[in-house]
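Subject: A structure for you to look at

Hello,

I am handing over the structure we talked about, and my notes follow below it. Please have a look at it first, and then read on at your own pace.

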Amino acid sequence: MLTKQVDSRERVFRPIPISYLIQTANQFDCDIFVTSDKYTANVKQYDEVKNLRMTGFLTFYFKGSDELEAEDRIQKILWEDIEG
């Protein structure tokens, strides 16, 4: 299992549609979860992600055969330097 912790207050967060995040997550075979505050959501499930506050301290969990690739892609779409 790969864990990625991010404080969204310290990094530029690129707002994206929830559907894009879910579609991206579903391209990978691994399980992807994110925890914000005390709520954990399966990033592949719309009903779970829509109730999640993507602010503050976030912990992403990736588990499966392509977890490294999934972590890299999710990080790029959410926190890649916007000015880049």
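**A charged residue in helix α3**

E71 lies in helix α3, which covers residues 67-79. Please keep in mind from here on that this is a predicted model. Is E71 buried or exposed? E71 is buried, and yet it has no salt bridge. The nearest side chain of opposite charge belongs to K4, 4.0 Å away. Setting aside neighbours within four places in sequence, E71 is in contact with L2, K4 and F62. So K4 turns up twice here, as the nearest opposite charge and as one of the contacts of E71.

**The chain as a whole**

Now a step back, to help you find your way around. The chain has three helices and four strands. Read from the N terminus, its elements follow the order β-α-β-β-α-β-α. There are 84 residues in the chain, and buried ones make up 39% of them. About 5300 Å² of the chain is exposed, with carbon and sulfur atoms supplying 47% of that area. Which share of contacts joins residues at least 24 apart, among those between residues at least 6 apart in sequence? The share is 65%.

**The nonpolar core**

The largest nonpolar core has 21 residues. Those with the most contacts inside this core are L21, I32, V34, M54, F60, I74 and L78. Four elements give two or more residues to the core: α1 (18-25), β2, β4 and α3. Which of them gives the largest share? That is α3, with five residues. As general background, nonpolar side chains in soluble globular proteins tend to be buried together.

**An aromatic pair**

F60, one of the core residues with the most contacts, also takes part in the one aromatic pair that the structure holds. Its partner is F62, and the two rings are stacked, with 6.2 Å from centre to centre and 15° between the planes. F60 counts as buried because its relative accessibility is 1%. F62 also has a relative accessible area of 1%, so it is buried. You have met F62 already, as a contact of E71.

**Salt bridges**

How many salt bridges does a search of the whole structure find? It finds three.

- R53 and D37 form a salt bridge, and their closest N and O atoms are 3.3 Å apart. This pair links distant parts of the chain: R53 sits in the loop between α2 (46-49) and β4 (57-63), while D37 sits in the loop between β2 and β3, 16 residues apart. Both R53 and D37 are exposed.
- K50 pairs with D47, with 3.8 Å between the closest N and O atoms. K50 is partly exposed, because its relative accessibility is 43%. D47, at a relative accessible area of 52%, is exposed.
- K76 pairs with D72, where the closest N and O atoms are 3.4 Å apart. These two are about one helical turn from each other, because they are four residues apart in helix α3. K76 counts as partly exposed, at 37% relative accessibility, and D72 is partly exposed with a relative accessible area of 37%.

**Two loop residues worth finding**

D37 deserves another look. The loop it belongs to runs between β2 (31-36) and β3 (39-42). Although D37 is not a glycine, it has a positive phi of about 55°. Is D37 buried or exposed? It counts as exposed, because its relative accessibility is 57%.

T55 lies in the loop between α2 and β4, the loop that also holds R53. With a relative accessible area of 39%, T55 is partly exposed. Which residues does T55 touch, not counting those up to four places away in sequence? They are S8 and S36. T55 and S36 are 19 residues apart in sequence, and their C-alpha atoms are 7.3 Å apart in space.

**Where to start**

If you would like a short route through the model, begin at E71, buried in this structure without a salt bridge. Go on to the stacked pair of F60 and F62, and finish at the salt bridge between R53 and D37.

Best wishes

Methods
Residues numbered from 1 in each chain as written. Predicted model: local features only at pLDDT ≥ 70, side-chain atom pairs only at ≥ 80, totals over all residues. Heavy atoms only, no water. Buried < 20%, exposed > 50% of the residue type's maximum accessible area, 1.4 Å probe, protein only. Lys, Arg positive; Asp, Glu negative; His and termini not counted. Contact = heavy atoms within 4.5 Å. Phe/Tyr/Trp six-rings, centres within 6.5 Å; stacked < 30°, edge-to-face > 60°. Core = buried A, V, L, I, M, F, W, Y, C linked by side-chain atoms within 4.5 Å. Areas by Shrake-Rupley, 256 points an atom, 1.4 Å probe, with all protein chains shown as cover.
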